[in-house]
Amino acid sequence: MAYSDKVLDHYNNPRNVGSLDKNDPNVGTGMVGAPECGDVMKLQLRVNEESGVIEDAKFKTFGCGSAIASSSLATEWLKGKTVDEALKIKNTEIVNELSLPPVKIHCSVLAEDAIKAAIGDYKKKQNSRQPVAETVA
Amino acid sequence: MKTPIYFDNHATTPVDPRVLQAMLPYFTEKFGNAASRNHAFGWDSEQAVDKARKQVADLIGATSKEIVFTSGATESNNLAIKGVAEMYAEKGNHIITAATEHKAVLDTCKKLEKHGYKVTYLALQQNGLVDLDQLRAAITDKTILVSIMYANNEIGVLQPIAEIGKICKEKGVLFHTDGVQAVGKVPVNVIKDNIDLMSITAHKIYGPKGVGALYVRRKGPRVQLTAQMDGGGHERGMRSGTLNTPGIVGLGEAAAICQAEMAEESRRMAYLRDKLKSRLESELDEVFINGSMEHRLPNNLNMSFAYVEGESLLMGINDIAVSSGSACTSATLEPSYVLKALGVGDDLAHTSIRFGLGRFNTEAEVDYVAARVIEVVRKLRDLSPLYEMAKEGIDISKVEWVAEPTH
């Protein structure tokens, strides 16, 4: 199977590889996929408390080159977006940007799921924080 | 050293230049039809076919009359299994095979099931070997054929063929083996191994593609087959069709070279394979060998690199030709059924790589491949959330994964 230049570029020079502190209340962590399926993506983002903008994003992926590229691209796109903007990222945009063939579309779906899972985790943390903050006040 | 490096010799092998030289005259000046009985062109061709028949027979301890030339092992497997099923239909309708057979055997058996035959697919032991007691227990008075491959194409595991053949003989059941990966690589003898039918192909032993043979025993017992191809009655009526003289000459020459050089070549293959194995094992943690190391072709290594998905590894070592048991290398989204049959979990099956060494590989290539694989596995493990979790002491098998429903 021939890979697009963009997939090769992300595979050879993956952006934003690494991990953020998952206990940080401003960090959301999403882990999707399963080893049995051959894909696991871990995607993390940190939201700036004042501006509500995603200021950092990191990933680690177990999967084929297209899965690595999809998650690498996702971290690039997340940075600088607000949480609500980030939720609008669609897997089809990833497919188009990376010219993924039909058999690799599930990689882009997984990346979208990872974004949603990370934001979901972040929101959950924020919500559970609120009452604590009030009692302190 | 030239790249890309070819380490996929279970898929196919290059034609040995000596084989090509032997073939060339039979394309041009010696182009006769081996069935033309009344002129020199035909005689030349027939003579060449006879010589090749003897060369193939000699390699496996058979006689010339027991060799039927075909278009390759897929045809040989089809002819053996369907030919026996049809010929012995009155005796019974039960066939026994194993879950790790090549698709040319499995799909042939599935086709027969649609026509009312019963097929038992034996499970394999974890080391890839057939359980002989299980085989014995599976044979009924309706069983007409057992088909178990000599060596597996993915994991290189050698079955206890002589014992299987002995059991079949005791029970009066015919025994077919797909000998494609074993013939020419390890000593195969149809008498000692109690084999009644055996499939062979040229392109795995440095011969050309598109030509193979089926060994059909003539004595003790005399095996009969219903032809699957009708026509001029070539090959003693078992396989009609004008003989592919250049291809057959190539198969014969390839067989003769294997016979002459097998002892030295298999030692060299084992040395190179073991070097590759020990380099990978000493420099990488959490690597696992799939299948028995003891009962194995000398040129095969099948290894799982935990936490590194196979296709991404292949992508990183793109100047090396190997193959992976990962789903991502095929369109099926299902990892290797062979590894699955051994009880290798899907997670590890996705991380497996098959290295198949061959006659033309060098020690320098082994060193290069080892270094590249080590480098890329390390890089991908830095990228792998699973490796990170494993290093943190998390048991990956106990994690509840949120897989997408499309999987």
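## Backbone exceptions, domains and chain contact

B:Glu286 lies in the loop that links H7 to strand S9 (287-289) in chain B. The model is a predicted one. B:Glu286 is not a glycine, yet its phi is positive, at about 50 degrees. Because 15 C-beta neighbours lie inside 10 Å, B:Glu286 counts as partly exposed.

A second residue of chain B shares the topic. B:Asn194, also not a glycine, has a positive phi of about 55 degrees. B:Asn194 belongs to the loop between strand S6 (174-178) and strand S7 (197-201) of chain B. Here 21 other C-beta atoms lie within 10 Å, so B:Asn194 is buried; the threshold for that class is 20 or more. As background, most residues other than glycine have a negative phi, and most peptide bonds are trans.

Chain B also contains cis peptide bonds, listed below.

| Cis peptide bond | Omega | Place of the proline |
|---|---|---|
| B:Thr3 to B:Pro4 | near -5 degrees | segment before strand S1 (5-6) of chain B |
| B:Gly220 to B:Pro221 | about 0 degrees | loop between strand S8 (212-216) and helix H7 (245-283) of chain B |

**Domains of chain B**

Chain B comprises domain 1 (5-9 + 263-398) and domain 2 (17-258). Taken over C-alpha atoms, the centres of domain 1 and domain 2 of chain B are separated by 30 Å. In their contact, 19 residues come from domain 1 of chain B and 20 residues from domain 2 of chain B. On the side of domain 1 that touches domain 2 of chain B, strand S10 (300-305) and helix H9 (337-341) each supply at least two residues. That side of domain 1 of chain B has 11 polar, 5 nonpolar and 3 charged residues.

**Chain A: sheet and contact with chain B**

In chain A, 3 strands form an open antiparallel sheet in the order S1-S2-S3. Its edge strands are S1 and S3 of chain A, each of which pairs on one side only. From one strand to the next, the twist averages 10 degrees. Helix H2(A) packs on this sheet, where it touches S2 and S3 of chain A, and its direction makes about 175 degrees with that of S3(A). S1(A) and S2(A) are joined by 8 bridges in the antiparallel sense, and A:Gly33 stands opposite A:Val40 in S2(A).

The contact between the chains takes 27 residues from chain A and 26 residues from chain B. Strands S1 (27-34), S2 (39-47) and S3 (54-62) of chain A, together with helices H2 (65-78) and H5 (105-136), each supply at least two residues of the side of chain A that touches chain B. This side of chain A divides into 16 nonpolar, 7 polar and 4 charged residues.

How values were computed:
Residues are numbered from 1 along each chain as its sequence is written. Chains are lettered from A and ligands numbered from 1 in the order in which they are written. This is a predicted model: local features need pLDDT of at least 70, side-chain atom pairs count only at pLDDT 80 or more; totals for chains, interfaces and linings use all residues. Two residues are in contact if their C-beta atoms, placed from the backbone, lie within 7 Å. Helices (H or I, at least four residues) and strands (E, at least two) are DSSP runs, numbered from the N terminus. Ala, Val, Leu, Ile, Met, Phe, Trp, Tyr, Cys and Pro count as nonpolar, Asp, Glu, Lys and Arg as charged, and the others, Gly among them, as polar. Domain bounds come from an automatic or database domain assignment. Two strands pair if DSSP finds at least two bridges between them. Axes are lines fitted to C-alpha atoms, for helices over the stretch in contact, and angles run from 0 to 180 degrees between N-to-C directions. A residue is buried if 20 or more other C-beta atoms lie within 10 Å of its own, exposed if 12 or fewer, and partly exposed in between; C-beta atoms are placed from the backbone.
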